[in-house]
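Visitor: I have the structure open and I'd like to learn how to read it. Could you walk me through a few features?

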Number of protein chains: 2
Amino acid sequence: MTKYAIGIDFGTESGRAVLVDVADGREVATSVYTYSHGVIDKVLPGSGVRLEPDWALQDPEDYLRTFQNTVPAVLKESGVKPGDVIGLGVDFTACTMLPVKADGTPLCVLPEFRARPHAWVKLWKHHAAQPEADKINTTARNMNQGWLDRYGGKISSEWFFSKVLQILDEAPEIYAAADRMLEATDWVIWQLTGVETRNSCTAGYKALWSKREGFPDKAYFKSLDPGLENVVDEKMTRVIQPIGNRAGELTEQAARWTGLKPGTAVAIANVDAHVAVPAVGVTKPGSMVMIMGTSICHMVLGDEEHVVPGMCGCVEDGIIPGFFGYEAGQSCVGDHFAWFVENCIPVAYEREAKERGLDVHQLLEEKASQLKPGESGLLALDWWNGNRSVLVDVDLTGLLLGATLATRAEEIYRALIEATAYGTRVIVDTFQQHGVPIHELVACGGLPEKNKLLMQIYADVTGREIKVSASKQAPALGAAMFGAVAAGGAAGGYDSIYAAAQNMAHLKAETFKPIPENQKVYAKLFGEYLRLHDYFGRGENNVMKTLKQIKSEVKHAG
Amino acid sequence: MTKYAIGIDFGTESGRAVLVDVADGREVATSVYTYSHGVIDKVLPGSGVRLEPDWALQDPEDYLRTFQNTVPAVLKESGVKPGDVIGLGVDFTACTMLPVKADGTPLCVLPEFRARPHAWVKLWKHHAAQPEADKINTTARNMNQGWLDRYGGKISSEWFFSKVLQILDEAPEIYAAADRMLEATDWVIWQLTGVETRNSCTAGYKALWSKREGFPDKAYFKSLDPGLENVVDEKMTRVIQPIGNRAGELTEQAARWTGLKPGTAVAIANVDAHVAVPAVGVTKPGSMVMIMGTSICHMVLGDEEHVVPGMCGCVEDGIIPGFFGYEAGQSCVGDHFAWFVENCIPVAYEREAKERGLDVHQLLEEKASQLKPGESGLLALDWWNGNRSVLVDVDLTGLLLGATLATRAEEIYRALIEATAYGTRVIVDTFQQHGVPIHELVACGGLPEKNKLLMQIYADVTGREIKVSASKQAPALGAAMFGAVAAGGAAGGYDSIYAAAQNMAHLKAETFKPIPENQKVYAKLFGEYLRLHDYFGRGENNVMKTLKQIKSEVKHAG
């Protein structure tokens with residue numbers, strides 16, 4: 001009898017369920033639910049309360065509606081019987097978190113908190129907690145907190161305690177009313193199983209937890225704010241489950257939502273980027289997985305814990321149980337090209353694309369493909385949205401150098417692609433230099449499908465072969481694999497994520513191999529990139545920050 | 001009786017005559033002749049001989065056709081009687097030069113040389129003599145030639161001896177056949193008067209001559225090429241006339257071409273940028289005249305000779321007799337904005353401009369005007385076409401720094417304007433620091449008419465008031481003023497260019513004054529510009545040259 005697992009991927013605008021054949025990972029049916037409230041960044045639904053700039057919220061009921069809409073849809077589309085679905089897994093954006101009551105009820109669904117922004121889900125890209133992040137960083141440095149090294153020396157305003165502290169700062173009564181604070185990915189698993197669990201991935205990457213040291217101590221939290229001293233014991237838990245574990249089984253209620261059988265196995269919650277690693281078949285050190293879209297997440301497994309400067313995090317059991325999972329990132333990749341196309345494309349190109357039935361990205365890729373490495377004379381620093389790794393500095397900005405009156409749009413476009421490839425190479429080299437070897441790259445996400453030129457440039461610049469996921473929805477596939485592991489081998493699933501990955505993950509036959517003559521030119525160009533990277537990024541010339549400072553003074557003077 | 005003078009301005013694509021009232025400089029009539037062969041940069045007319053890249057030639061008969069077409073036209077349009085036109089002056093692009101026979105016949109009109117590119121007029125922007133310029137510079141440095149200091153330490157491929165040496169190198173039989181080599185501006189005066197004269201302006205700025213030292217010595221020319229040893233005595237003359245002198249009178253033949261009276265006074269030849277100085281009323285030190293178009297020429301008068309590093313030239317009697325005339329330049333100003341509009345303007349802006357009946361430059365100026373100094377966070381180096389002053393380096397390239405995903409086209413546009421203003425300030429400051437004071441700026445040319453935002457930014461960045469020429473055709477007006485001086489006071493003209501300028505030159509009532517709060521912000525931004533200018537421009541980081549080197553290697557490998 002064929003068995004199936006379902007993976008549900010909770011994105012920024014929508015949720016997606018994929019029904020997968022457990023034997024070989026074949027994706028049998030897919031269904032997408034677009035959140036009815038999407039990203040809430042202007043006005044609170046119902047009350048009409050206006051939000052401040054940099055806020056980004058979500059409605060937790062949209063997550064339940066995702067279950068209610070997509071799971072029945074994939075069952076219907078595939079004709080698979082509910083009894084043949086043996087396991088369910090989810091992955092989520094992170095840190096996306098919310099305050100709830102002891103029974104799991106989100107504060108924002110209670111009438112008394114409906115009009116209070118801090119009662120809602122704070123989405124990963126809620127950026128209003130920067131003052132709190134600054135305080136967390138300064139206090140950690142002052143108190144010599146060792147955990148800071150695991151996060152490249154700086155934590156982000158997007159992370160869990162930045163958001164918690166913002167609630168305490170700005171809405172102490174909501175903080176007080178919250179019995180629990182948790183990641184949305186753990187919350188949806190709670191809704192499916194009736195059991196509150198916490199996963200090692202978000203605990204490690206977003207909430208400063210480590211398997212060996214646990215959370216930062218109470219004295220540290222007390223220094224941040226006396227009210228925060230007991231946050232872990234009062235609002236969270238010290239019991240953190242490694243990913244790959246079984247969280248529980250579907251409740252009667254969740255079975256009614258989904259059309260699945262009560263008792264179906266449910267995996268411990270997971271995160272979109274991290275779950276993609278086994279989905280592309282990577283379960284051991286040596287490969288760097290790149291989830292390539294608007295930004296890039298870089299995931300690497302290691303046997304040992306190393307301090308690699310400027311990485312987003314190193315978490316034991318954070319990606320694959322039994323390994324240290326390293327995460328790095330580039331904050332502006334697909335976004336970069338979208339910016340360029342929106343702001344810098346001459347009318348003639350737009351017209352040519354239209355006449356030839358191409359989109360402008362395709363036309364630019366075609367024109368840029370006709371250039372040789374080094375031919376444009378251009379060099380860029382890929383910091384249009386700051387630098388996430390290894391400089392960990394949001395205040396760095398973009399640079400383009402080498403322009404002449406003969407410079408054309410496709411040359412700039414190619415220079416921007418090359419700049420992001422140099423950025424990846426800095427990350428690869430930094431891992432290598434600090435004891436985390438990287439022999440090959442494995443890519444998934446939207447970009448590898450869309451831009452072959454980009455993939456070839458990454459291979460040429462990094463000097464490494466790039467393999468590409470066969471699945472266009474790697475995170476959902478990865479979540480389904482964890483569902484199959486939650487079910488276990490005896491139920492027709494797998495006893496480990498290694499076994500699941502071996503059978504269910506697939507790569508395309510076509511790979512991108514470095515072209516030696518391109519590598520030679522890119523080696524020279526990368527040397528020049530690195531010199532500019534260090535000059536502007538490591539304090540020798542802080543002009544980018546000075547300009548931001550002047551910009552801020554000018555705005556506030558006006 | 002009202003007296004008139006005619007100024008004829010020979011540009012790159014056309015020649016223009018302006019008939020001017022000598023008493024007050026009123027421009028009574030204008031006529032333009034577009035050269036029938038324009039810029040010859042692909043194929044030689046008649047023979048169809050193909051030209052190499054970087055060549056740019058002209059047909060000397062187009063200059064005569066300019067006289068034949070425009071002067072009769074302004075007489076007709078104005079109704080002025082030929083006898084009331086007391087003087088004629090010309091100005092020309094430079095160095096634009098040609099080889100001729102002893103009687104002034106251009107070699108290219110002789111059947112035996114018609115198909116020989118080197119027999120034609122080499123236009124100022126003929127850039128194929130770079131190897132010769134390199135040899136001239138290297139040889140001069142090796143032989144410690146003191147004159148090199150007067151030209152910022154480097155002479156250009158555009159200049160007279162670069163072009164002469166290219167003829168000798170590549171077509172020695174043409175060199176041999178040429179009885180004379182001279183600037184086109186001197187040649188047209190010869191055609192009008194029947195007398196060969198040479199003007200101090202082109203001799204000084206383009207042919208290494210100075211009033212006190214004359215030309216470089218024979219030993220130097222011999223070192224360049226034994227065949228060049230006697231170039232001055234054989235092909236040129238050591239008699240150089242200061243501008244402001246009378247070259248002679250119209251011949252019978254030239255009177256027939258123009259419809260003027262034989263015997264009409266004709267001024268010594270002049271150059272377009274230089275003749276604009278008296279045309280905006282500047283006849284003494286302290287003012288910098290900026291001729292602002294695709295590029296900017298900066299002209300300053302000084303009482304003494306100073307070595308100002310990185311200037312294009314310092315020539316006694318070069319601009320106004322009795323003063324040292326300093327020239328500096330920025331190679332990419334209007335060209336910069338044209339490049340931007342052609343290559344980097346999003347479709348939405350093009351559409352908005354069309355809907356509102358604006359051209360895109362106007363729309364960008366409007367949007368950029370709404371930004372405050374420093375608000376964009378952008379900073380650029382204005383080297384899209386190299387740096388003419390003070391770095392004198394054609395291999396420098398453009399830089400844009402500070403871009404984010406929120407950066408918009410009007411912000412980049414404004415940053416490019418600001419960069420050219422910083423470039424002007426570097427020139428102003430360098431003059432000041434080396435003993436040539438500059439108290440105010442006086443602008444003429446196309447840009448001041450078109451872009452008020454740009455003018456205000458220049459005032460704010462340089463901290464100096466900018467006055468603007470009342471004439472839209474300052475060079476032609478300046479040429480007419482020299483025509484009135486050639487006629488002399490007794491004939492109803494003037495006895496000196498000072499007197500002519502006092503009566504005939506006019507400025508607009510509206511000036512651009514620095515706004516103190518903008519100056520404060522720009523002072524900070526200029527500090528950052530200067531640091532980047534020196535870092536990339538003075539050898540600390542030669543990445544721009546390295547990229548050009550790589551580009552050249554890649555192209556030649558292909």
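Guide: Sure. One cut-off to begin with: contact means heavy atoms within 4.5 Å. Keep in mind, too, that this is a predicted model.

Visitor: Let's use that on two helices. Which residues of α1(A) meet α5(A)?

Guide: From α1(A) come A:Pro60, A:Tyr63, A:Leu64 and A:Phe67, and they meet A:Ala184, A:Trp187, A:Val188, A:Gln191 and A:Leu192 of α5(A). Sorted by type, the residues of this contact are 8 nonpolar, 1 polar and no charged.

Visitor: And at what angle do α1 and α5 of chain A pack?

Guide: About 50 degrees, with the axes 11 Å apart; α1 covers residues 60-78 and α5 covers 184-193. Angles under 35 degrees count as roughly parallel and 65 to 115 as roughly perpendicular, so α1(A) and α5(A) are oblique to each other. Their crossing is right-handed.

Visitor: On to sheets. How do strands pair in general?

Guide: Through backbone hydrogen bonds, either parallel or antiparallel. Here, take the open sheet of 4 strands ordered β15(A)-β16(A)-β16(B)-β15(B), where the pairing is antiparallel. Its edge strands are β15 (379-381) of chain A and β15 (379-381) of chain B, each pairing on one side only. On average, neighbouring strands are turned by 10 degrees against each other, direction ignored.

Visitor: How many bridges join β16 of chain A to β16 of chain B?

Guide: There are 5, between residues 398-403 of chain A and 398-403 of chain B, running antiparallel. To find the register, look for A:Ala403, which stands opposite B:Gly398.

Visitor: What does helix α19 of chain B touch on this sheet?

Guide: Helix α19(B), residues 516-537, touches β16 of chain A as well as β15 and β16 of chain B. Helix α14(B), residues 409-433, also packs on the sheet, touching β15 and β16 of chain B.

Visitor: What pairing does the sheet of 6 strands in chain B have?

Guide: Mixed: this open sheet runs β13-β14-β12-β11-β17-β18. Strands β17(B) and β18(B) pair in the parallel sense over 3 bridges, and B:Val442 stands opposite B:Lys467. The twist averages 25 degrees from one strand to the next.

Visitor: Last one: salt bridges. What's the idea?

Guide: Side chains of opposite charge can pair when their charged atoms come close. In this model the count over all chains is 57. One of them joins A:Glu213 and A:Arg150, at 3.6 Å from N to O. The two sit in loops 63 residues apart: A:Glu213 between α6 and α7 of chain A, A:Arg150 between α2 and α3 of chain A.

Definitions and conventions: Residues are numbered from 1 along each chain as its sequence is written. Chains are lettered from A and ligands numbered from 1 in the order in which they are written. This is a predicted model: local features need pLDDT of at least 70, side-chain atom pairs count only at pLDDT 80 or more; totals for chains, interfaces and linings use all residues. Side-chain values use heavy atoms; hydrogens and water are left out. Two strands pair if DSSP finds at least two bridges between them. Axes are lines fitted to C-alpha atoms, for helices over the stretch in contact, and angles run from 0 to 180 degrees between N-to-C directions. Angles under 35 degrees count as roughly parallel, over 145 as roughly antiparallel, 65 to 115 as roughly perpendicular and the rest as oblique. A crossing is left-handed if the near helix is turned anticlockwise from the far one by less than a right angle, and right-handed if clockwise. Ala, Val, Leu, Ile, Met, Phe, Trp, Tyr, Cys and Pro count as nonpolar, Asp, Glu, Lys and Arg as charged, and the others, Gly among them, as polar. A salt bridge is a side-chain nitrogen of Lys or Arg within 4 Å of a carboxyl oxygen of Asp or Glu.
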